[in-house]
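User: Take me through the place where the two halves of this chain meet, please. Once that's done, carry on into the surrounding loops, helices and charged pairs, and keep it chatty.

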Amino acid sequence: MLGAVVVGIGTAGCVRIRDMLVPLRGSHAEKLAVKGFISRRSLEPQQGVSQISLEEALSRDDVHVAFICTENMSHEDNVRMFLQAQKHVCVEYPMTMSYKAAVELWDLAEEKGVILHEEHIELRSEEYKQLKREVEGKTLQEGTLHFTGGALKPGFGFPSFSGIARLTWLVELFGELSVSAATLEEDPANSYSKMTAKLLTSDNRSLTWIEERQPGLPRAKNINFQFDSGTLTQIPPAPRGTVGLFMQDLIHFSAKLAGQVSPEELQKERVRVLHCLELAGKIQELCQG
Ligand code: NAD
């Protein structure tokens, strides 16, 4: 068994505790045992699991794994501390708020001989899998992915990082991208923001990624993908999967811990995660430059 702690008791942190307490039977996730959680607040036990101090989590020999479920801005420091203490780390996306920091963390994980995993539940949803099947084999002419949602809580960072799940969709669907232009419109009085990034595929097809947020805006992804064979304007409906998204991610992470994920797959994921963070950084630079 591998002992685990959860850092940050918000929506994601609570799901992590629940999934470790009731893992999918017969999956690698059964090999994880939750030993405690860490929070900046002083909290009662959560789902029967007690709070422990950060120092205790870092020093205990029976803690092998940390789940970093805090706001995005504090991921990097938390990941670094646990890697330095030679613990495996699963961090909710985005791993860091810069490409450079993510490279450093990955190098540190390698040096310490531990697994560093970035959660990507958006790639595990049935709607994404259905979309991927629709797109496969088609040649893109141009496309748009327009995300709308409510205002973000503080600590979630620049939209190209907080919205990395949408960028990851585009990269997984259309391959490596480059950034040709990016702008950010803001109206602080109305908590409104709209980031527009112009991206290019490796064969110079144009993709536009928009992240638009304001209190009350419905959470939605609108697509318009024009292919040589027709246009896709809706994400194909798909029935809900039987295994929860965070549970699927937990199983994948535990399979990595058990050495059941091939070095090729690990490398492919690392390349994709770093590519997306690099694009997010370029978008931020262009918006702020
Ligand atoms: P949240 O605001 O509900 O929770 C964040 C929690 O972390 C808060 O309780 C906060 O007090 C705590 N926290 C922050 N810094 C801390 C620190 N240094 N030490 C201890 N605790 C700290 O947010 P969330 O929705 O749970 O998101 C957390 C992370 O999970 C984010 O990175 C987000 O991108 C990612 N994520 C969330 C979802 C989801 O469905 N909620 C999906 C995918 C990824």
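Analyst: Domain 1 is made of two stretches, 2–120 and 243–258, and domain 2 likewise combines 126–237 with 282–288, going by the domain assignment of the protein chain. Keep in mind that this is a predicted model. Taken over C-alpha atoms, the centres of the two domains are 28 Å apart. On the domain 1 side 10 residues take part in the contact, and on the domain 2 side 11.

Now for the area. Interface size is often quoted as the accessible area that goes missing when the parts come together. Here domain 1 and domain 2 bury about 830 Å² between them, with 63% of that on carbon and sulfur atoms. Asn72, Tyr93 and Met97 are the trio to click on: they supply 44% of what domain 1 buries against domain 2, more than any other three residues.

What holds hands across the gap? You'll find four residue pairs in polar contact across the interface of domain 1 and domain 2, but zero salt bridges between the two domains. The side of domain 1 that touches domain 2 has four nonpolar residues, five polar ones and one charged.

Stay with Tyr93 for a moment, as its backbone is worth a look too. The peptide bond from Tyr93 to Pro94 is cis, with omega near -10°. Pro94 sits in the loop between β4 (88–91) and α4 (99–112). As background, most peptide bonds are trans, and most residues other than glycine have a negative phi. On the phi side, two residues go the other way. Gln86, not a glycine, has a positive phi of about 65° and lies in the loop between α3 (75–84) and β4. Asn204 has a phi near 65°, again a positive value in a residue other than glycine. You'll find Asn204 in the loop between β8 (192–201) and β9 (206–213), and its relative accessible area of 60% makes it exposed.

Next, Arg272, a charged residue with little of its surface on show. Arg272 belongs to helix α9 (residues 263–288). With a relative accessible area of 12%, Arg272 is buried, because the cut-off is under 20%. Its side chain makes a polar contact with the side chain of Glu172, at 3.2 Å. Leaving aside residues up to four places away in sequence, Arg272 touches His120, Leu123, Thr168, Val171 and Glu172.

For a buried patch inside a helix, go to α1 (residues 11–21). Ala12, Gly13, Val15, Arg16, Ile17, Asp19 and Met20 of that helix are buried. The cover over the buried residues of α1 includes the strands β1 (2–7), β2 (32–38), β3 (65–68) and β4, plus the helix α8 (245–257).

Last stop, the charged pairs. The structure holds 18 salt bridges. Arg40 pairs with Glu71, the closest N and O atoms being 3.5 Å apart. Since Arg40 is in the loop between β2 and α2 (54–59) and Glu71 is in the loop between β3 and α3, this pair ties together parts that are 31 residues apart in sequence. The partners differ in accessibility: Arg40 is exposed at 77%, while Glu71 is partly exposed at 28%.

Another salt bridge joins Arg60 and Glu56, with the closest N and O atoms 2.7 Å apart. Arg60 is partly exposed, its relative accessible area being 23%, and Glu56 is partly exposed at 32%.

Then there's Glu76 with Arg80, whose side chains meet in a salt bridge at 3.2 Å, N to O. Both are in helix α3 and four residues apart, so about one helical turn separates them. In general, an α-helix has 3.6 residues a turn, so residues three or four places apart point the same way. Glu76 is partly exposed, at 23% relative accessibility. This pair isn't on its own, either: Glu76, Arg80, Lys100 and Glu104 are linked in a network of salt bridges.

Conventions:
Residues are numbered from 1 along each chain as its sequence is written. This is a predicted model: local features need pLDDT of at least 70, side-chain atom pairs count only at pLDDT 80 or more; totals for chains, interfaces and linings use all residues. Side-chain values use heavy atoms; hydrogens and water are left out. Domain bounds come from an automatic or database domain assignment. Contact means heavy atoms within 4.5 Å. Buried area is the accessible area (1.4 Å probe) that two parts lose on being put together, summed over both. A salt bridge is a side-chain nitrogen of Lys or Arg within 4 Å of a carboxyl oxygen of Asp or Glu. A polar contact is a pair of N or O atoms within 3.5 Å; within protein, one must be able to donate a hydrogen and the other to accept it, and residues adjacent in sequence count only if both atoms are side-chain atoms. Ala, Val, Leu, Ile, Met, Phe, Trp, Tyr, Cys and Pro count as nonpolar, Asp, Glu, Lys and Arg as charged, and the others, Gly among them, as polar. Helices (H or I, at least four residues) and strands (E, at least two) are DSSP runs, numbered from the N terminus. Buried means under 20% relative accessible area, exposed over 50%, partly exposed in between (1.4 Å probe, protein chains only).
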